[in-house]
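Trainee: I should like to request a close look at one part of this model. Before that, a brief view of the whole chain would help me to place it.

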Amino acid sequence: MTVKLDLSQDAAALTAQLVDIPSVSGDEKVLADAVEAALRAYPHLTVFRDGDSVVARTELGRAERILIAGHLDTVPIADNLPARIEGPLMYGCGTSDMKSGVAVQLRLAARLAAPNRDVTYVFYDCEEVDAARNGLLRLANNHPEWLVADFAVLMEPTGGAVEGGCQGTLRVRIGTTGTRAHSARSWLGENAIHAAAPILARLQAYEPARVVIDGLEYREGLNAVGIEGGVAGNVIPDACAVTVNFRFAPNRTVEQATEHVREVFAGFDVIRTDAAEGALPGLDRPAAAAFVTAIGTEPRAKFGWTDVARFSALGIPAVNYGPGDPNLAHKRDEHVEIALIGAAEERLLHWLG
């Protein structure tokens, strides 16, 4: 199947065309082919391809290089194709997360033959699935030179606001043990679930930090997200485990965050089961400051984890900015405010032009 994208149409119409090309994670080839073919038509761009990820770059020798990235894939379709417009809104799978952002990227790539900074546009696959399959991670491993930049913008949905960096996250498992016994003779046992009470008490008493970085306030959080224990309705349990999630400001490394959690739960066996570094916003960089000024909205901290962390790991400060609404991502009634698509394009054109 071959699809031809028309990058001369406005960003909203282009969004609708992109939405109507199904690209569930792992099945992005048709869309990636269309993106590659459309970009190769512009002589001011140098285009590369790795799997179903496409990279296009200007090579003007500017003093700074900006990277603008967005993923091509969506979550599984939920009877929400093709795209449809109802008043000021466009509905359809991927409208918010994040084909409206991809449409803005494509329009910029086509229109900006001589930007004031060199620009690298990255369109990658498999963001919505296991991290090991992530196209941006693959590009970083296979072609790190394609991702060299001074500042990056990830077109994740933010409702048209700048969200700086992202929080880090880790999960730990905190276990307690006891002695199994018949519940009718509980004094012969030791209840491991009861032994978890101090863990919950420490969580209840914990006061999460508020950390200001580049003028953005990150609110940390330490919360129980799961508890396992129990053998049967007539048995005193001999094992229990509480799963705790720590969302931490990006001024902490994973190791520092892990050490903090272990200090909070001193005396317990704390096993880290999952972790991802956060990303500093880098709003003190000239390119970032100019970006915030061009967007014209008050920047805020990103409270979740996004692929800006991958850029941070490469030493590239990054922010999230896109026309979609993160609260609508992955929903059956996913939609985007049409006016925000054009506004995002114009603001980025002003910044880069």
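What share of the contacts in the protein chain with a separation of 6 or more comes from residues 24 or more positions apart? And, within that setting, could you take me closely through the open sheet of 4 strands, its pairing and the helices that pack on it?

Mentor: The model is a predicted one. Residues 24 or more positions apart account for 77% of the contacts with a separation of 6 or more in the protein chain. The chain has 353 residues, of which 53% are buried, and its secondary structure comes to 9 helices and 19 strands. Along its principal axes, the C-alpha trace spans about 80 × 45 × 40 Å.

The sheet you ask about is open, and its 4 strands follow the order β13-β15-β9-β16 with antiparallel pairing. Its edges are formed by β13 (221-229) and β16 (269-276), each of which pairs on one side only. From one strand to the next, the twist averages 20°. In general, the strands of a sheet pair through backbone hydrogen bonds, in either a parallel or an antiparallel manner.

Strand β9 is a convenient place from which to read the pairing, as the order sets it between β15 and β16. Towards one neighbour, β9 (residues 168-177) is joined to β15 (residues 239-248) by 10 bridges, the two strands running antiparallel. Within this pair, Val 172 has Val 244 as its bridge partner in β15, and Thr 176 has Cys 240. Towards the other neighbour, 7 bridges join β9 to β16, again with antiparallel strands. Here Ile 174 stands opposite Val 270 in β16. When you inspect these positions, recall that side chains in a regular strand alternate between the two faces of the sheet.

Two helices accompany these strands. Helix α5 (residues 197-205) lies across β9, β13 and β15, and runs at about 160° to β13. Helix α6 (residues 254-264) packs on the sheet and touches β9, β13, β15 and β16. The direction of α6 makes about 150° with that of β16. Edge strand β13 is thus among the strands met by α5, and edge strand β16 is among those touched by α6.

A second sheet offers a useful parallel reading. It is open, with 3 strands in the order β4-β5-β19 and antiparallel pairing. The edge strands are β4 (84-86) and β19 (335-337), and each pairs on one side only. Neighbouring strands of this sheet are turned by 25° against each other on average, direction ignored. Strand β5 (residues 89-91) pairs with β19 in the antiparallel sense over 3 bridges, and Leu 89 stands opposite Glu 337 in β19.

This sheet, too, is crossed by helices. Helix α3 lies across β5 and β19, running at about 50° to β19, while α9 lies across β4, β5 and β19 at about 60° to β19. Helix α9 (residues 338-352) has 15 residues, and the distance from its first C-alpha to its last is 22 Å, close to the 21 Å expected at 1.5 Å a residue. Its buried residues are Ile 341, Ala 344, Glu 345, Leu 348, Leu 349, Trp 351 and Leu 352. These lie on the same side of α9 because they cover an arc of only 165° around the axis. On the other side of α9, Ala 339 and His 350 are exposed.

Helix α3 leads on to the interior of the chain. The largest nonpolar core has 61 residues, and those with the most contacts inside it are Leu 39, Leu 106 and Phe 291. The largest share of this core, 8 residues, comes from helix α3 (residues 95-111). Leaving aside neighbours within four places in sequence, Leu 39 is in contact with Leu 7, Leu 45, Val 47, Val 54, Ala 56, Leu 106, Ala 109 and Phe 123.

Val 30 provides a final point of reference. This residue belongs to helix α2 (residues 29-40). Since buried means under 20% relative accessible area, Val 30, at 22%, is partly exposed. Not counting residues up to four places away in sequence, Val 30 touches Met 1, Val 3 and Ile 21. Its C-alpha atom is separated by 21 Å from that of Met 155, which is 125 residues apart from Val 30 along the chain.

Key: Residues are numbered from 1 along each chain as its sequence is written. This is a predicted model: local features need pLDDT of at least 70, side-chain atom pairs count only at pLDDT 80 or more; totals for chains, interfaces and linings use all residues. Side-chain values use heavy atoms; hydrogens and water are left out. A nonpolar core is a set of buried Ala, Val, Leu, Ile, Met, Phe, Trp, Tyr and Cys residues joined through side-chain atoms within 4.5 Å. Buried means under 20% relative accessible area, exposed over 50%, partly exposed in between (1.4 Å probe, protein chains only). Contact means heavy atoms within 4.5 Å. Two strands pair if DSSP finds at least two bridges between them. Axes are lines fitted to C-alpha atoms, for helices over the stretch in contact, and angles run from 0 to 180 degrees between N-to-C directions. The expected span of a helix is 1.5 Å times one less than its number of residues. The arc is that of the directions from the helix axis to the C-beta atoms.
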